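User: I'm new to this one and would like to know how its labels are earned. Can you take me through it?

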Amino acid sequence: MKNKVLLSILLFTFISCSESFDIDVSFGESQSINPGIDDAFASTYKPMNSEPILFKSANIYDGLGGELKDYDLLLSDGKIIEIGKSLTAAEALIIDATNKWLTPGIIDIHSHMGVYSAPGVSTSSDGNEATSPVTAEVWAEHSLWTQDPQFALALKGGVTAFHVLPGSANLFGGRGATFKNISQNTIQAMKFPGAPHSLKMACGENPKRVYGSRGQSPATRMGNMAGYRSTWIDAVEYTDGMNAENSDSRPTRDLAMDTLMGVLNGEILIQNHCYRAEEMALMIEMSREFNYKITAFHHAVEAYKIADLLADEGICAALWADWWGFKHEAYDMVQANVAIIDQARNGTGCAIVHSDDEVGIQHLNQEAAKAMAAGNRAGYEISKAHAMRWITSNPAKAAGILDQTGSIEIGKDADVVLWSGDPFSVYSRAEKVLIDGAVAFDIDNPKIQPITDFDLGIIQPQTNRVK
Amino acid sequence: MKRFLITLFLLLTFHVSAETILLKAGLVHSGNGEVGKIQDILISDNVIVGVGNNLIIDGNTRVIEVNGLPVTPGLISPMSNLGIVEINALDVTKDDESDLLSAGFSIFNAFNPHSTLIPWNRSNGVTSAISTPSGSSFPVFGLGSHFILDGSLDIKGSKDIAMFGRLGASYGSRAESLAILESLLEIGRMLNSLAVEEILEMSLSDQLELQSQDIIALGKVVNDGMPFVLETNRAVDILQALAMKKKFDLNLVLVSVEEAPMVLDKLKESNTPVIIDPMDNIPNSFDELGSSLSLGKILDQAGIPIMFSTQRSHNYHLMRQGSGNAVAHGMTYETAIKGMTKTVAETFQLDNRGSIEAGKLADVIVWDGDPLEPASFPKIVMIEGKLQDLTSRSSKLTERYTNKEDKPSSYKH
């Protein structure tokens, strides 16, 4: 079908990098020393109205490795209130979940929804500011199209939160941001409250191809490294300057440098597109040189070759179950990649199944099923309860939102999915998807199935695109 | 070391010449659209000689206990780049496009049986595939061939069995694309009364930059019933394609057809098979606004023959996951299995394979679980009666990097 189009998108978006910047410029005089935590473009998200809900007799994967059979789950005021047997709640809506499964809401740590919206036309190609290898000043959220029909499709697949990254054309591609999967008509109203920004960086073929083909640096992998390092040197100097006691001696605000300073200050998380083992090891070495932390390597087709190193460094690997071969650096695919990362150093590795794809994001449960089965064929003993972490708590951790969501625990946001059967089966459907305790998708109720402005009356005025 | 010995053992046992084998008590999904049932399959030399419950065997027959595991025909990919594309982003590893030819561009001689994609797809249950040229802006881009994926340099397959093209949004007007398509088919029809050389001299041939190979291929589509496989999505484009089928009496196969539900009656009436990706519900273009996960169910209920493509290059076996999702959304299980096997064989006239029945070539898979579950994997892959080794470059990498010996990985082999 549109293999070619898809491929070109893949090749381009797999280049990532990010950068960002910050603040409200009109208040330049009171400028923040820590722009990463200022509140420019802050979330205005408000949960939908909800009533208390009591799921009865559900099977539960809690997203942390636990499995509960025939348990009740009580949600109220947008939070998970109680997990137990024979719960009662006078005011609550009772939902019989016998023989069904509850899981945390699925989280995708690598999405381009909204910045590469559907239809994938040139005017919606807003994910790569491929004009300079260092564009740490751009924010993916500023490209987000709130009416992207892909959000609602992902919701039907159980996705309650997703992290949107710039593409991978640049060494530093810009800031990424996390969203609650409720379509709203402003970007801020979708932003996940309190979620940190990320900075997308990209290794390998993409930056060197994009800029090398224009006769500029980087044209090689060593050029990539020089590009990162010289930028970090500037960022360290800028950060030191911003920390000066005397405000008059501080440098002029610079959006790109603000983002890099946010990384050096530990407020902005590095999400690093990187395929090859030796390049990931170089990126780790560079993070030591400039004293920052890499949160996750993305795509990382060769992560399994350095699984122990990643576990030792506490770096997550966000991976596909089986994509390969579209580029040379994606040639050494093993289906056990996720499992090998997970099991490294006595099971202390942090494995994530990500999508980077508008179809894949709808079926992350199936992608995790493939990765789990491949791991078990390779000799591991990975349970479904354990594998559920790969698409819930681990991506939540990498997005910096694990204290709020990503598991079924008392006090967490009531982001949960009710599955018609085993969540790892191709035949199971997400029947109800709840975000902050409100039913955001109900398979049996067309009124609780979001339809974006784009979908309204677009084929025939009387009907909507999604039925 | 143990793993190594096991691999060696498999190599030794699996590369013996064909023999008489009984696959005993498998849950046989024949590919004919029947509900699976527990049966034995008797294979002699390269052919299935019996399917049933009380087959008579002699003392030389090797009996393999299947113990109720699912058995299907070997999967047939109806549209792949197997053997002609190694790495998409590296042009020097691709043989799927021609600057000179269009309708008559054959990829057959470019097929590389040593491509790493072949053991990978084979170990995942794909035993043969139609490889096709890739699209250009011209509405017809060449001829696909069918290949047996046994990796042999003695290439087995059927050359130039179908022509591939596309109709829909592009940089020019689709009205122009339609006019070009119609002209091409007219040229094919002219072969009834004119010689290739005469057609070649016409100004139309010159305008369309046709070579003699293109004209000959178009003649096969128009006059000899060679399948014409056209990708199109918009409802009105599907109708245009069906009108063309009628006018030229084409053996038409449609691909993608995301808006087919809007023209279902006409599609059904035309008796046109389709190749779909059941997981593609994204309105990727303004041609595909009607895309949905219900496509498979709707086409199935209309009785339209369905086959499956995959969105992801390199993993053609993922048509299992695609068809599994189609079943989750209402397609029957039997249609899904048939769509990966018998329907492909019927559509492309691969008469001797695609189902588990006496007389067919023994392309057979024994699965470790439901073949429509993405987590399932083949336990046995048989091509023309020969048990295949399931090793791939990927399995060797897995072995190397799960080996905990303290030495450089380059010495773990």
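Analyst: Sure, starting with one residue pair: I130(B) sits opposite H146(B), which belongs to β8(B). This is a predicted model, where local features need pLDDT of at least 70, side-chain atom pairs count only at pLDDT 80 or more, and totals for chains, interfaces and linings use all residues. Residues are numbered from 1 along each chain as its sequence is written, with chains lettered from A and ligands numbered from 1 in the order in which they are written.

User: What makes β7 and β8 of chain B paired strands?

Analyst: Strands are DSSP runs of E, at least two residues, numbered from the N terminus, and two of them pair if DSSP finds at least two bridges between them. Strand β7 (residues 126–131) and strand β8 (residues 140–148) of chain B have four bridges, so they pair, and they run antiparallel.

User: Which sheet are they in, and why do β6 and β13 of chain B count as edges?

Analyst: The sheet is open, with eight strands in the order β6-β7-β8-β9-β10-β11-β12-β13 (chain B) and mixed pairing. β6 (75–80) and β13 (306–308) of chain B have a single partner strand each, so one side of each lacks a neighbour in the sheet.

User: How do you know which residues form the contact between chains A and B?

Analyst: Two residues are in contact if their C-beta atoms, placed from the backbone, lie within 7 Å. By that rule, 49 residues of chain A and 43 residues of chain B take part. Elements giving two or more residues on chain A's side are α1 (3–13), α2 (150–156) and α9 (364–377); these helices are DSSP runs of H or I, at least four residues.
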